[in-house]
Amino acid sequence: MFDLSSTVPSYSTQDIIAIIVLGIIGGVFGGLFNFLLDRILRAYSFINERGAPYKILLTVTISIITSACSYGLPWLAPCTPCPADAVEECPTIGRSGNFKNFQCPPGYYNGLASLFFNTNDDAIRNLFSSGTENEFHMSTLFVFFTAIYCLGLVTYGIAVPSGLFIPVILAGATYGRIVGTLLGPISDLDPGLFALLGAASFLGGTMRMTVSVCVILLELTNDLLMLPLVMLVLLISKTIADSFNKGVYDQIVVMKGLPFLEAHAEPYMTHLVASDVVSGPLISFSGVERVGNIVQALRITGHNGFPVVDEPPLSEAPELVGLVLRSHLLVLLKGKGFMKEKMKTSGSFVLERFGAFDFAKPGSGKGLKIEDLDFTDEEMDLYVDLHPITNTSPYTVVETMSLAKAAVLFRALGLRHMLVVPKTPGRPPIVGILTRHDFIPEHIHGLFPNIHKSH
C-alpha cells in the first residue's frame, strides 16, 4: 500500500542516535495521547448517556470542527513553487497527488492542502515518499501534526465508526518527517524513512503493540531492510510510554468496566485467599425448591449461576449438589413441571417434557428472560426438582487456596463460575462463588484498600 522497497537504506551510528531520539519522542507523545484520550472519552460518556440528541449534537459539532480545520488551515500555508524535477504533474490535477494547487497561482502548490485534501492513504503515501526533502515546509508539518493529533483525540468516541490506527500513523509520520528534517545535518536517512519510523514510534507509544505493528508496517511498506530500525524504535517508544500509563485499548477496557483477566496473577494476590474476595450475600437453592423462591431470586438478581444445596430430609446432612444456570432454570420454569410435595424425583419428567436442544445455549439476545414468564399464586407455592438440571461436578476450590493460584486456574480453564467450599466440616457446604469480577483489581482494592498493587 505504501511501497518503499525502491529505497535502499544504509545507516550509521549517527542515524541510530537520531532514531533513539525519535523513539523517545514517540513514547512521550504516545503517553500524552493516551492520557488525554482517557479524559476526553470519560467526558464523552457523560454526554452520550444523556441520549441520542446529545450524541448527534456532539457528532455534528466535531464534524464542523474537522471541516473547518481541514478547509481553513490550508489558507495559512504559503504557496511553494513546483519542483523542476517533479516526477508527477505539478500542480496536481484530479483527486489525489502530492501537489494540490488550492488557491495558489499556476506553477505553485499548497503543501498543507496536499495533506488535508487527500485521502488519508494518499497523505500517508506523500509523507512516506522518498526524495522529497523540500516538498513540505516545516511550518506546514507542525500545523498538520497539531491538527491531526487533536482531531484524532476528539473524533474517537463519537457516534461514528472511526478508529485510531490511521490518525496515529498520520501524526507519527508527520513528526517523524519533522525530526528527520531537523536532524538532517547528522543523519543520512531520507525524511520519508523517518516518517515511517515516526509512525512506528507513535504506534508503539499509543497501542503498545510490538510484533504485530512490526508485521503490519513491514507488509504496508514492503521494506524488509527497515525492520531492525522499526524494531528498535518500537521498543524504545513502548518502554518510555509504559512508564506513564497503559496502552490505549487497555485503558478503554478498564473504562468500560469489562472484566478482563490478565494472563498472570497480580503479586498482591499471593497474600489473599479465595474466601477473602467472594461477594455476598450468597443466594442458593435447595435441591427441591419452591417456585416462588426461584422466581424472586431471578427477579432481584442478575446472577448467572446458583449453588444447589441438599438439606435434611433430602440428605442426611447439608451437602453441595452442584451449580444450576439461570438459563436452565428459566427453561425448567417455562415447562411448569411443578409438584405439590417437596420430594426428589427420578428426573424422567425432564426427559419427557424437554428436547435435547431446549437447554442448549441460545444465540446472543435470544434466550428466555424472567419477564417473559407468568405464574399464578398457586404455582408460586408449588415445588420443582432442580436435581435433573444441576451440574453435579462444578469446579471447586477450597477457601484457603491462594487467590493468585485460583486466578490462574480460573483463566486457564476459561471458567465463568468457581465454587469456594469450606475447609473444615460442620459448616455450610459452600462459602461463595468466584466470578471474573471478583478477580478484578478494582474489586479487590475496594475490599482491601491498604493492599499495595506491587506487593
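The following exchange explains the terms applied to a predicted model.

Reader: What do the numbering and the values rest on?

Author: Residues are numbered from 1 along each chain as its sequence is written, and side-chain values use heavy atoms, with hydrogens and water left out. In this predicted model local features need pLDDT of at least 70 and side-chain atom pairs count only at pLDDT 80 or more, while totals for chains, interfaces and linings use all residues.

Reader: Why are helix 5 and helix 6 called roughly antiparallel?

Author: Helices (H or I, at least four residues) and strands (E, at least two) are DSSP runs numbered from the N terminus. Axes are lines fitted to C-alpha atoms, for helices over the stretch in contact, and angles run from 0 to 180 degrees between N-to-C directions. Angles under 35 degrees count as roughly parallel, over 145 as roughly antiparallel, 65 to 115 as roughly perpendicular and the rest as oblique. The axes of helix 5 (residues 138–155) and helix 6 (residues 165–182) cross at roughly 155 degrees and come within 9 Å; the two helices are therefore roughly antiparallel.

Reader: Which residues make that contact, and of what classes are they?

Author: Contact means heavy atoms within 4.5 Å. Among the residues that meet this are Leu 141, Phe 145 and Ile 148 of helix 5, and Leu 170, Tyr 175 and Ile 178 of helix 6. Ala, Val, Leu, Ile, Met, Phe, Trp, Tyr, Cys and Pro count as nonpolar, Asp, Glu, Lys and Arg as charged, and the others, Gly among them, as polar. By that division the contact has twelve nonpolar, three polar and one charged residues.

Reader: Why are helix 6 and helix 7 described as oblique?

Author: Helix 6 and helix 7 (residues 191–207) pack at an angle of about 130 degrees, with their axes 6 Å apart. That angle falls in none of the other ranges, and the pair is therefore oblique.

Reader: Which hand does each crossing have?

Author: A crossing is left-handed if the near helix is turned anticlockwise from the far one by less than a right angle, and right-handed if clockwise. The crossing of helix 5 and helix 6 is left-handed, whereas helix 6 passes helix 7 in a right-handed crossing.

Reader: What makes an empty space a cavity or a pocket?

Author: On a 1 Å grid over the protein atoms alone, a cavity is a set of points where a 1.4 Å probe fits but cannot get out; a pocket is an open set with protein on both sides within 12 Å along at least five of seven lines, and lining residues have an atom within 4 Å of a point. Grid points are joined across faces, edges and corners, and a volume is the space filled by probe spheres set on the points. One cavity of 30 Å³ or more is counted, and the largest cavity has a volume of about 40 Å³. Helix 8 (211–221) and helix 9 (227–242) each supply at least two residues of its lining, with helix 8 giving the most, four residues.

Reader: How is the largest pocket lined?

Author: The largest pocket holds about 1200 Å³ of space. Its lining has 41 residues, of which Asn 304, Gly 305, Arg 326, Ser 327 and Arg 416 lie nearest its centre. Helix 12 gives the most to this lining, with six residues. By class, the lining has 16 nonpolar, 16 polar and nine charged residues.
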